Amino acid sequence: MATALLEAVLGNLAVATALAVVALAVGRWANRPALAHVLWLLVLVKLLTPPVLTVPVKCLPARPEVSAAPTAPSVPDVAPIVVAEPESHGSVAAPAPVRPAPSTAEPTRPVAPQSPPTAPAVLTLPLPSWESVLLGSWAVGTLVSVVLAARRVRRFSRLLAEFSAPADPELVAEVALAAARMGLRHAPRVRVVPGGIAPMLWAVGRPTLYFPAALLARLTAEQRLAVIAHELAHLRRWDHVVRLIEFTALAVYWWCPLARLARGEMRRLEEEACDAEVVAAAPGSGYDYASAILETIDYLAGVAPAPALASGIGDAASLRNRLVLILGTTNPARAGRHTRRAVLVAGLALLAIVPRFERLTAAASGAVFGTANRTSEHEPDGPAVPPDEPYAEAIQFLPTPLRLVGPGDLGAEPAHASAVSPDGSRLAVALGSNVVVWALASKRVLFALKGHSEVVNAVCFSPDGSRIATASNDTHAIVWDAADGRPLHKLAGHWRWASAVAFAPDGKTLATGGYDKTVRLWDVSSGTPKGVLVGDSGAVRAVAFSPDGRTVAIGGADNDVRLWDTGRNVVTHTLKGHRAAVRVVAFSPDGNRLASGSEDRTVRVWDTDGRGDGREVGPPVPLPDYATALSFSRRGLALFVGTAGGHLLGVNPATGQPRGYVGVEPGQPTGTPAHAGAVTAIFAHPDGKALFTVSQDRVALAWPAADPPQAPQRTFRGPRPMTAVALSPDGKTLATGGQDGAIRLWDAATARELMTLPGHPQGVSALVFGAGGRLVSAGADEQVRIWDTASGRAIYAVLQPTADLSLALSPDGKTLAFGGRKMAGFRLLNLTAPGKLQRIGEWAGELTALTFTPAGDRIATGDADGMVRLWDLTKGEEVARGSVGGGSVDGISFGPAGPLAAVVLNVAPRADGEVERGPAHQVVFLDTRDGSVPENRPRLSHPSRVTAASFAADGGVVTAAHDGNLYVWDGQTGRVVRTVRGHADAVRGIVPTADGTAVFSAGDRSAKKWPMTVGKK
C-alpha cells in the first residue's frame, strides 16, 4: 500500500514537472500571463489528483538478486598488526612469516572462519518499512502545516471582523458601478480597515473587499476606481477559489519546492492578468492606474504581505516591476475561447494519466550481480559516461590580461585604494586626497571626488552602484553621489585616521573603521550615526558586512578577526590565528566562509556557516608577501588574493587550499607578479568572463577566463572528493580512494563500478596494485592494508605511526615499500608472503616520497628538505644523493628506462635575511647515478602546487597540479605542449596506461581518463 502510494506521488510529480516547464515557457517567453496562470493552476491540481489511468514506464534500476558469491565485507576481517622495529638491514629476500605469540597478537594470515555458536531465541518486533516511515513523516508534517495555516487564517479573520468598519455609501456606490461595468452580477461587500494592509479580496465566508482608509485618502477618484477594478478582477477570475486549491496543495506538499514555485508564479501572473483586465475595461486609464500603483508602493513600504487565502494587489516589489507592463501592455486580458477549450481538454487528459515507473530487468539494465569484479568479455558495456558540464563559473584565468587603465592615464600619484562598480563599468581610484572615477568602456575620467584634505585610505561602491564611500587620514568618511560626484554626507566621528569603509548589502548602512579603535555605523540616507563598537586592543584596518547584513567582520592591529553582531551590539566571536595585523577581510556570497589576510603573509579561511562558528578551513595559505586585497567570485567558488608585491593567488574556499597564481603561465617562474605594485582591488565581472584587478601602480587589468573544462574519455564518479588512484598491471581495473574512506574498483574500459571496499575510516591517502590480484592501500588511520580484489577481503594490515604514508611497488609487483614523515627510513614487505618488515635507511629528514627504479634493485627517496637519496636494496645502503632545492620533494618518477628521474618540488615562500623568496612549484630532473641535475633539462615551473609527475611514452612529462589542470610538457625544451583543464579542484594523483596512450587523473569527486591527444595545440 505504502509503495503504491509513493509510486503514484512520483508519477504525479513527473507530470506536474512537465506542466511546470510548459507554464514557465508560456509565462516568460510567450507573454501570455492569463494562459500561463491556468497552466500553473493545473500543476497544483495535478499534484492533488489521484491516478485514473496509469502508463508503465521502465526506468528504475533492477532489483539486486541474491547470489551465493562472496561480496565485499563491511569491515576488514583482519585486525591491524603492530609490527616491531627489526634490527637487521640485510637483503630483501622474502622472509618467512613470523607467528606472533598466541597470547598477545592476532594471526597474520586469514584463518578459516568457525561456525558461530547458536544464539538463544529472541523475541523480535517487526520494524516498519522505510516507505511507512516516510509516509508517516509526511502525514505529520501535513497535519502541522494545516494547523499552523488554519490558526493564522482564523487569527486574521478575527482581526478583520474586530477592526474593520462598513464603507461609506460613496465607496459602496463606486464598487457597485465598477462591478456592473465588469459584468459581475452582484457586487461584493466593502469594508474599510484602519491598519496598514494592502487592498485585498478576502473570501473566507462571503467574498469581501477590504480597503485601507489611509490609502483611499491618498487616491484621486480615478485612481480609486482603478484600484477597485483590480480587486474586482480577482473576483471575476475566481481567484478566491484558486486560493483554496493553493492552500490545500501547499499544506499537503509542504516539502515540495515545485508547489512553492507554482504558488509564486500564480500570484505574479494573476496580478499581471488583473492589470490587463483593468486597462482593457477602461481604455486610456493606464496613466491613472500607474499613478495609483505609485501611491500604493509608497503606502505599502514596510507593510506585511497579504496572508494566505487573500487576493491582493501585490507587494511593493512586484508593483514596481508591473508599472512598465501597465503603461505599455499588449497582453490579452483573458485567454481566448478556443485557447481555453484546448487547455481544458489537454488538462483533463493530463490529470487522468499518471506514469507508473517500473524496474528494468537485470539484462536490460546491464547489472552484474554476485561478485562484481569477475565479468565476461561477452557482457555488454556499461552505460556511456556523459562528459562533465562546464563549471558554474570561471575559477581560472589566462595569463594574458587586457590593460584597461595604464599608469599614465590617472596621473603620477600612487593609488592607495580602488574599487570597481558592481556592474563593472566604472573604476574609482584614490590618488592622494582625491578619488578619480574612470569609465572603463570609454576609457575616460568622468569626474573627481574632491573633499578630503589628506590621503584617502579606502573607497567602495554601494551594492546598487548609486553611492561611493571614502575614508581618509583626515579622520572623516564621505558619502558621494556616484552619478555626478556630489558629496552627500560628511561623516565625522573618528578622532584618528579613518582606514576602512563597507556598505551593508541593502545599501542603507555604512560601516567605517579607524585607528581610534572604533567601528561606526551610519545611516546612508541621512548621514546620522546608528551605532559604534569601541575596541581596546588595536587600530581597525578592515571591515566587511556579512551577506545578511547582521554581522560585521573587523580586522586590525591586534592580529585578530572579530565578528560584531550589530543588532545586539556585541562581539560574538574572536578568530585567532594570525601573528600580525589583519589588513583585509571578506565574506563569501553565501556567508559560509570568511577570508582574512594579514601582514604575517598568510590568508586564512574560516567556516562561519552563516553564524560565525570560526572553525578554520584548512591550513593557512602562505603568500610571498602580505595580503592587500581579497575578493570572492560571484558564486563563491573561488577566492582571489592580491598581495603587496603584485601577486594574484587563487584559493579554493571549500578546502582552503591554493589553486595557483593568476597571470603566471606554465613554464614561467611562479614568483613573477601580475602587477608591478601592490594590488588594491579585485573584482569578478558580473558575466564571469573576466577578473578585474587594480594595482597601486595605477594599472587596471582584465584577465579573460580560461577555456572551459574538457570532456574526458571516461569519468568515474564518487560521492566524495577522490584522493588516490591506481591502475592494475593489466590495465583492466582502476582503483580510487577518497575522503569517505571507501576504496572503489572500476572497470577501466566502461567506467562501471565493480566493487566497494571498506578502506580506511578517516580517508584513503595512497593506492597501488601488486601481483596476484593484490591491492595495497594506506590511510589516515595510520594503517597499510593488503586486499584480495577477487574476494574483497583484507588479508593483512600493518600499523605505522604516521598518517601520511607513501607507497611504492617493485616492477615485479612482489615487494612493497612504504614510509612517511614520522618514520626513520622506510620499510619493505614481501606481498607474496607477508610477515616481518625490513627497515632500510635512517636519517634526520622527513620522508615525503619514494619509488623503485625501473630495474627494481634500487629505491629513490625524497624528503622535506629537497634531498633525493638512492638506496641499494641488496645491501640496504645509500649509494647516491643529490639536492634539487630547498623545498619538499612530493613525488619521484622514473622513465621507462635509464637513471633520469622527474622530481616534484614545492617550495613555500620564505624570507632569507632581508631577501624575500616567493613560492616555487617545479618538476626538476635528476640523474640518480651521481645525484646531479642535468644542465640540458630545464625545470618545469607551475603556477600552483604540483601534486604528481609521470613520464609519457614519447619522452614527454605529464604533471598534475592544485589548479585542477594536467600539463603535458616537452621534457627537452621545458615547453607546455598541452593543457588539460579537467578538474574543478586539485588533481591528487595521475597514473598512465602501460602503452602510454592515456592517463587517469583523480581529483574533486571523480577520476577521469584522458587520451593523450586531448588538448593538443
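Where is the place of R720? In this predicted model, R720 sits in the loop that runs between strand β38 (714–717) and strand β39 (722–727). With a relative accessibility of 38%, R720 counts as partly exposed. Apart from its neighbours within four places in sequence, R720 is in contact with Q739, D740, D1004 and R1005. One of these partners, D1004, is 284 residues away from R720 in sequence, yet the two C-alpha atoms are 7.7 Å apart in space.

The protein chain as a whole has 1017 residues, and buried residues make up 53% of them. Its secondary structure consists of 12 helices and 67 strands. Among the contacts in the chain with a separation of 6 or more, 53% join residues that are 24 or more positions apart. The accessible surface of the chain comes to about 45,300 Å², and carbon and sulfur atoms account for 56% of that surface.

Helix α4 covers residues 169–181. At 1.5 Å a residue, its 13 residues should span 18 Å, and the C-alpha atoms at its ends are 18 Å apart, which agrees with the expected value. The buried residues of α4 are L171, E174, V175, A178 and A179. Seen down the axis of α4, these buried residues fall within an arc of 135°, so they line one face of the helix. On the other side of α4, P169, E170, A180 and R181 are exposed. The cover over the buried residues of α4 includes the strands β4 (189–193) and β6 (208–212), together with the helices α5 (213–218) and α6 (221–236). After α4 comes G183, which has a positive phi, near 85°.

Helix α7 takes in residues 239–252. Its 14 residues reach 20 Å from the first C-alpha to the last, close to the 20 Å expected at 1.5 Å a residue. Within α7, the residues D239, H240, V242, R243, E246, A249, L250 and A251 are buried. Two of the residues in this list, R243 and E246, also belong to a network of salt bridges in which they are linked with R267 and E270.

The count of salt bridges comes to 29. One of them is formed by the side chains of R268 and E265, with an N to O distance of 2.7 Å. R268 and E265 are three residues apart in helix α8 (residues 257–281), so they are separated by about one helical turn. R268 is partly exposed, at 26% relative accessibility, whereas E265 has a relative accessible area of 8% and is buried. Another salt bridge joins the side chains of R562 and D558, at 3.8 Å from N to O. Both R562 and D558 are buried. A further salt bridge is made by the side chains of R881 and E878, with 2.6 Å between N and O. Here R881 is partly exposed, at 44% relative accessibility, and E878 is also partly exposed, with a relative accessible area of 28%.

Positive phi values also occur at residues that are not glycine. T475 is not a glycine, but it has a positive phi of about 75°. T475 is found in the loop between strand β15 (467–472) and strand β16 (476–481). Because buried means under 20% relative accessible area, T475 counts as buried with its value of 17%. R698 is likewise not a glycine, and its phi is positive, at about 65°. The loop that holds R698 lies between strand β36 (690–695) and strand β37 (700–704). R698 has a relative accessibility of 15% and therefore counts as buried.

On the surface, V140, V144 and L148 make a nonpolar patch of about 250 Å². V140 lies in helix α3, which covers residues 130–163. The relative accessibility of V140 is 52%, so V140 counts as exposed.

Notes: Residues numbered from 1 in each chain as written. Predicted model: local features only at pLDDT ≥ 70, side-chain atom pairs only at ≥ 80, totals over all residues. Heavy atoms only, no water. Patch = residues over 30% accessible without salt bridge, like charges linked within 9 Å, V, L, I, M, F, W, Y side chains within 5 Å. Areas by Shrake-Rupley, 256 points an atom, 1.4 Å probe, with all protein chains shown as cover. Salt bridge = Lys/Arg side-chain N within 4 Å of Asp/Glu carboxyl O. Helix = DSSP H or I, 4+ residues; strand = E, 2+ residues; numbered from the N terminus. Buried < 20%, exposed > 50% of the residue type's maximum accessible area, 1.4 Å probe, protein only. Contact = heavy atoms within 4.5 Å. Expected span 1.5 Å × (residues − 1). Arc of directions from axis to C-beta.
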